[in-house]
Amino acid sequence: METHFASEHTVSSACVAVGNIAAAEHVFPAYAETKFKVSASILDNAIKGMHFHESSAVVQTRCAFAIGAICRSSATLQRHATRFLGAPTLLAAMSNFKDDSSVQWRAAFAITNVVSLNPAAREIFGTKAVGTILSAMRQFPKDTRLQRWCCESLYNLLRGSKENVEACTSQGGVETVLRAMKLDKSDAALVARADDLINVLWEF
């Protein structure tokens with residue numbers, strides 16, 4: 001991937017492979033002891049791939065998946081992602097592909113996992129991220145998977161950040177999250193995270 005950035009197919013395929021490896025490490029920790037270990041350099045390449053192919057929805061989707069999977073359980077890699085311009089890159093993907101639900105939910109997945117163990121990223125992503133995510137939720141109100149990951153990312157962005165909470169409430173965030181909560185009551189993960197998010201919004 002590092003030597004073939006000009007190839008959209010190579011970048012997107014490599015990000016799928018790396019993302020799946022990282023996901024395996026997350027689910028099966030022992031996997032990392034015997035298989036290829038993801039690293040900061042691979043994370044850098046995924047972000048570079050998004051820059052190099054900013055007009056490709058496929059690349060944006062697959063690189064966002066890789067970033068989210070790589071960062072999922074590592075505070076160190078989450079901090080590295082924010083230092084390496086991960087925030088504007090992911091937000092640009094969401095802004096450039098507003099009508100593509102796959103880009104939207106994969107980017108929300110990535111934001112969730114770049115911020116979860118990285119409190120400083122709440123300010124780095126900031127109120128722009130809050131507005132962008134709320135827009136995605138309104139654009140695809142019936143997409144359960146997108147609603148869940150947007151709620152996850154908002155929850156991580158809002159915890160401990162009065163500014164982000166105020167941005168969310170001022171843009172109709174409470175109503176948007178309540179609609180998401182009612183979308184599919186059989187989706188326990190969505191309902192639980194939406195409920196947690198409402199509690200954060202009402203704390204301030």
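1. Start with a cut-off. Helix pairs whose axes make angles under 35 degrees count as roughly parallel, over 145 as roughly antiparallel, 65 to 115 as roughly perpendicular, and the rest as oblique. In this predicted model, α3 and α6 pack at about 45 degrees. That angle falls outside the named ranges, so α3 and α6 are oblique to each other. Their axes are 10 Å apart, and the crossing is left-handed.

2. Which residues of α3 meet α6? Ile-47, Met-50 and His-51 do. On the α6 side, the partners are Gly-86, Thr-89, Leu-90 and Ala-93. By class, this contact of α3 with α6 holds four nonpolar, three polar and no charged residues.

3. Stay with α6, residues 86-96. Its buried residues are Gly-86, Ala-87, Thr-89, Leu-90, Leu-91, Ala-93 and Met-94. Gly-86, Thr-89, Leu-90 and Ala-93 also appear in the contact with α3. What do the buried residues of α6 pack against? The list is α3 (40-52), α4 (57-71), α5, α7 and α8.

4. Look next at the loop between α5 (75-83) and α6, where Leu-85 is found. Leu-85 has a phi near 65 degrees, a positive value in a residue other than glycine. Most residues other than glycine have a negative phi. A reader checking the backbone can look at Leu-85 in this loop.

5. Gln-60 sits in helix α4. Is Gln-60 buried or exposed? Its relative accessible area is 3%, so Gln-60 is buried. Leaving aside residues up to four places away in sequence, Gln-60 touches Met-50, His-53, Glu-54, Ala-93, Phe-97 and Val-103. Met-50 and Ala-93 also take part in the contact of α3 with α6.

6. Now α7 (residues 101-115) and α8 (residues 121-139). They pack at about 155 degrees, with axes 12 Å apart. The angle is over 145, so α7 is roughly antiparallel to α8. The crossing is left-handed. From α7, the contact uses Gln-104, Ile-111, Val-114 and Val-115. From α8, it uses Ala-121, Arg-122, Phe-125, Ile-133 and Ala-136. The residues divide into seven nonpolar, one polar and one charged.

7. Phe-125 deserves its own point. Beyond residues up to four places away in sequence, Phe-125 touches Thr-82, Ala-87, Leu-90, Leu-91, Ile-111, Val-114, Val-115 and Leu-157. Among these, Ala-87, Leu-90 and Leu-91 are buried residues of α6. Ile-111, Val-114 and Val-115 belong to the α7 side of the contact with α8.

8. How many residues does the largest nonpolar core have? It has 65. Those with the most contacts inside this core are Ile-67, Ile-111, Phe-125 and Leu-158. Ile-111 and Phe-125 touch each other. In soluble globular proteins, nonpolar side chains tend to be buried together.

9. Trp-105 lies in helix α7. Trp-105 has 8% relative accessibility, so it counts as buried. Which residues does Trp-105 touch, residues up to four places away in sequence not counted? They are Arg-145, Leu-146 and Trp-149. The C-alpha atoms of Trp-105 and Arg-148 are separated by 8.6 Å. Along the chain, these two residues are 43 residues apart.

10. Thr-144 has its place in helix α9 (residues 144-158). Its relative accessible area is 19%. Buried means under 20%, so Thr-144 is buried. Thr-144 touches Leu-183, Asp-184, Asp-187 and Leu-190, not counting residues up to four places away in sequence.

11. Leu-183 belongs to α11 (residues 173-183) and Leu-190 to α12 (residues 188-203). These two helices pack at about 160 degrees, with their axes 9 Å apart. α11 and α12 are therefore roughly antiparallel. Their crossing is left-handed. Gly-173, Val-174, Val-177, Leu-178, Ala-180 and Met-181 of α11 meet residues of α12 including Leu-190, Val-191, Ala-194, Asp-195 and Trp-202. The contact has twelve nonpolar, one polar and one charged residues.

12. Last, Thr-10 in helix α1 (residues 8-27). Thr-10 has a relative accessible area of 27%, so it is partly exposed. Thr-10 and Arg-193 are 183 residues apart in sequence. In space, C-alpha to C-alpha, the two are 35 Å apart.

Notes: Residues numbered from 1 in each chain as written. Predicted model: local features only at pLDDT ≥ 70, side-chain atom pairs only at ≥ 80, totals over all residues. Heavy atoms only, no water. Axes fitted to C-alpha atoms, helices over the stretch in contact; angles between N-to-C directions. Helix = DSSP H or I, 4+ residues; strand = E, 2+ residues; numbered from the N terminus. Left-handed = near helix turned anticlockwise from the far one by under 90°. Contact = heavy atoms within 4.5 Å. Nonpolar A, V, L, I, M, F, W, Y, C, P; charged D, E, K, R; others polar. Buried < 20%, exposed > 50% of the residue type's maximum accessible area, 1.4 Å probe, protein only. Core = buried A, V, L, I, M, F, W, Y, C linked by side-chain atoms within 4.5 Å.
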